[in-house]
Amino acid sequence: MASRRHQRTVLAVTATLLTLTAAVGCGAVDKALDCVRTADAIATSVGNLQQAVSTASDDPTQASEALDQIDKELKDLGDTTDNADLSKAVDDLQAGVTNVRDSLDKGDATPDITPVTDAATEIGKVCTP
């Protein structure tokens, strides 16, 4: 189920970006670039998170390393965007990642990643012209 949700999220973000690219004017180029960067990082992060969660019971170290990488991607992304709505979605995604990390640290082999996919969906809404 999580894999299908990830696929739907990636498809929704991609469709939104295609629409956005066709509809943007010169004044919206910065927002479009922020959305593209954000969508790419979100798709990568969600995929990494799903991989980390799926292997957490086999190798908790791998899950921790994957979450560390996601944290780095999100920090870099947060430092490069100046759009308040995108920044909030990045913050929400970071909170979701933190919750997953806390759950894994407490021994939950199947933490809830819904907040992460919800934040990715919010990116699509923010990027819609």
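What follows is a chat between a colleague and a modeller about this predicted model.

Modeller: Quick ground rules: this is a predicted model, where local features need pLDDT of at least 70, side-chain atom pairs count only at pLDDT 80 or more, and totals for chains, interfaces and linings use all residues. Residues are numbered from 1 along each chain as its sequence is written, and side-chain values use heavy atoms, with hydrogens and water left out.

Colleague: How many helices and strands does the protein have?

Modeller: Helices (H or I, at least four residues) and strands (E, at least two) are DSSP runs here, numbered from the N terminus. Going from the N terminus, the elements read α-α-α-α-α. The count is zero strands and five helices.

Colleague: What percentage of the protein's residues count as buried?

Modeller: Buried means under 20% relative accessible area, exposed over 50%, and partly exposed in between, with a 1.4 Å probe and protein chains only. The protein has 129 residues, and the buried portion is 38%.

Colleague: Which helix gives the largest share of the largest nonpolar core?

Modeller: A nonpolar core is a set of buried Ala, Val, Leu, Ile, Met, Phe, Trp, Tyr and Cys residues joined through side-chain atoms within 4.5 Å. The largest one has 24 residues, and Ile42, Leu49, Leu67, Leu74 and Val100 touch the most other members. Two or more residues each come from H2 (29-54), H3 (60-80), H4 (84-105) and H5 (114-126). The largest share, seven residues, comes from H4.

Colleague: Which residues does isoleucine 42 touch, beyond those up to four places away in sequence?

Modeller: Contact means heavy atoms within 4.5 Å. Ile42 is among the core residues that touch the most other members. Leaving out residues up to four places away in sequence, the list for isoleucine 42 is Leu74, Leu93, Ala120 and Ile123.

Colleague: Are H4 and H5 roughly parallel or roughly antiparallel?

Modeller: Axes are lines fitted to C-alpha atoms, for helices over the stretch in contact, and angles run from 0 to 180 degrees between N-to-C directions. Angles under 35 degrees count as roughly parallel, over 145 as roughly antiparallel, 65 to 115 as roughly perpendicular and the rest as oblique. The H4 and H5 axes come within 8 Å and cross at roughly 170°. That makes the pair roughly antiparallel.

Colleague: Which side chain makes a polar contact with the side chain of arginine 101?

Modeller: A polar contact is a pair of N or O atoms within 3.5 Å; within protein, one must be able to donate a hydrogen and the other to accept it, and residues adjacent in sequence count only if both atoms are side-chain atoms. Arginine 101 sits in helix H4 and counts as buried because its relative accessibility is 18%. Its contacts beyond four places in sequence are Ser64, Leu67, Asp68 and Asp71. The polar partner, at 3.2 Å, is aspartate 68.

Colleague: Is proline 111 buried or exposed?

Modeller: Proline 111 is in the loop between H4 and H5. Setting aside neighbours within four places in sequence, proline 111 contacts Val53, Val100, Ser103 and Leu104. Relative accessibility is 7%, so proline 111 counts as buried.

Colleague: What distance separates the side chains of aspartate 112 and threonine 114 in their polar contact?

Modeller: Aspartate 112 is in the loop between H4 and H5. The side chains of aspartate 112 and threonine 114 are joined at 2.6 Å.

Colleague: Which residue's backbone oxygen does the side chain of threonine 117 reach?

Modeller: Threonine 117 is in helix H5 and counts as buried, at 3% relative accessibility. At 2.9 Å, its side chain reaches the backbone oxygen of threonine 114.
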